[in-house]
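User: Could you take me through one part of this structure slowly, as if we were looking at it together? I am new to this, so please say plainly what sits where.

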Amino acid sequence: NKSLKIEKAADNKLGLAINYHNIGYAEEAKGNLDAALNNYEKSLDYNNAINSEIGRVICYNSIGSIYLKKENYKDAEPIIKEAMEKAINLNDQFYIASSYINLGQLQLKLNQLSAAENSLKKALNISKEYNLKSSEAQSGKLLSEVSAKNNNHETALEYYEKAANLRDNSFSTPLFLFKAANTALDLGKSNKALKMFEKIKKSYPKSEEAKNIDIYINKAKYAN
């Protein structure tokens, strides 16, 4: 990494903190969770060295997210809560929302559904107030999962639809549409499901969800 070499040569600790976090983010996107965690921890070390509180918040949230993906809930909880405390002290709404999303996700995984719903609704409200579209979509998607676990499938469908319509994103939009369509199908709303499956095929043909979409289109058609 050329940028990393430059920052090391200049002993630019802020630059190194940013670079290692960016590398961690790239590794996480590729599914390399151990490599991502290693780089996030290096970034945290440099943020500690320069006493950057916002840097700590960013790293704590990223590390907490990796622990969630690795299903290491014991280590996830304290770092997510510390990230939230620091974000609240800094009054950084983006990272407050991110922390509530991480906490809600943790509570959902631990089947603490009432607590998860409370955390995620806080994230959703902050996201709406400060126009944080990505966080709004993520909290809405997780609230859908909470609703589905509570057998509130109509509410789950509403959250999925809202998340899908928030922003046009080639990764998340087809995912939310697919989940919404399957929920609609389970509710006997096959026409609504069909429209969403067809939208995935037409608008997001290269998405993961489009790979076997004809099977779902036919399933919705024959459900009528």
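What follows is a close look at one helix, α10, and then at some other parts of the chain.

User: How many residues of α10 are buried, and what do the buried residues of α10 pack against?

Analyst: Happy to help! Please keep in mind that this is a predicted model.

Let's begin with the length of α10. At 1.5 Å a residue, its 15 residues should span 21 Å, and the C-alpha atoms at its two ends are indeed 21 Å apart, so the expected and the modelled span agree.

Now to your first point. Helix α10 is mostly covered, with 12 of its 15 residues buried. Near the beginning of the helix you can look for S172, T173 and P174, which are among the buried residues. Further along, the buried set includes F176, L177 and F178, and it also takes in A180, A181, N182, T183, A184 and L185. A general point may help you while you turn the model: an α-helix has 3.6 residues a turn, so residues three or four places apart point the same way.

As for the packing, the partners of those buried residues are α8, α9, α11 (190-203) and α12 (213-223). Just after α10 comes G188, with a positive phi of about 85°.

One of those partners, α8, deserves a visit. Helix α8 covers residues 133-149, which is 17 residues, and it reaches 24 Å from first C-alpha to last, close to the 24 Å expected. Its buried residues include S135, E136, A137 and S139, and G140, K141, L142 and L143 are also among them. The cover over the buried residues of α8 includes α10 (172-186), along with α6 (93-109), α7 (113-129) and α9 (153-166). After α8 comes N151, whose phi is positive, near 65°.

Two other residues with positive phi are worth finding. N111 lies in the loop between α6 and α7, and its phi is near 65° although N111 is not a glycine. N111 counts as partly exposed because its relative accessibility is 48%. N51, also not a glycine, has a positive phi of about 55° and sits in the loop between α3 and α4 (53-69). With a relative accessible area of 57%, N51 is exposed.

Beyond α10, look at A210, in the loop between α11 and α12. A210 is buried because its relative accessible area is 13%, which falls under the 20% cut-off. Leaving out neighbours within four places in sequence, A210 touches I200, Y204 and P205. From A210 to D186 there are 24 residues in sequence and 19 Å in space, C-alpha to C-alpha.

To finish, here is a helix pair from another part of the chain. The axes of α2 (residues 13-29) and α3 come within 8 Å and cross at roughly 165°, so α2 is roughly antiparallel to α3. The crossing of these two helices is left-handed. By class, their contact has 11 nonpolar, 5 polar and 4 charged residues. Among those taking part are A17, Y20 and H21 in α2 and S43 in α3. S43 belongs to α3 (residues 33-49) and counts as buried because its relative accessibility is 1%. Not counting residues up to four places away in sequence, S43 touches A17, Y20, H21 and C59.

How values were computed. Residues numbered from 1 in each chain as written. Predicted model: local features only at pLDDT ≥ 70, side-chain atom pairs only at ≥ 80, totals over all residues. Heavy atoms only, no water. Helix = DSSP H or I, 4+ residues; strand = E, 2+ residues; numbered from the N terminus. Expected span 1.5 Å × (residues − 1). Buried < 20%, exposed > 50% of the residue type's maximum accessible area, 1.4 Å probe, protein only. Contact = heavy atoms within 4.5 Å. Axes fitted to C-alpha atoms, helices over the stretch in contact; angles between N-to-C directions. Parallel < 35°, antiparallel > 145°, perpendicular 65-115°, else oblique. Left-handed = near helix turned anticlockwise from the far one by under 90°. Nonpolar A, V, L, I, M, F, W, Y, C, P; charged D, E, K, R; others polar.
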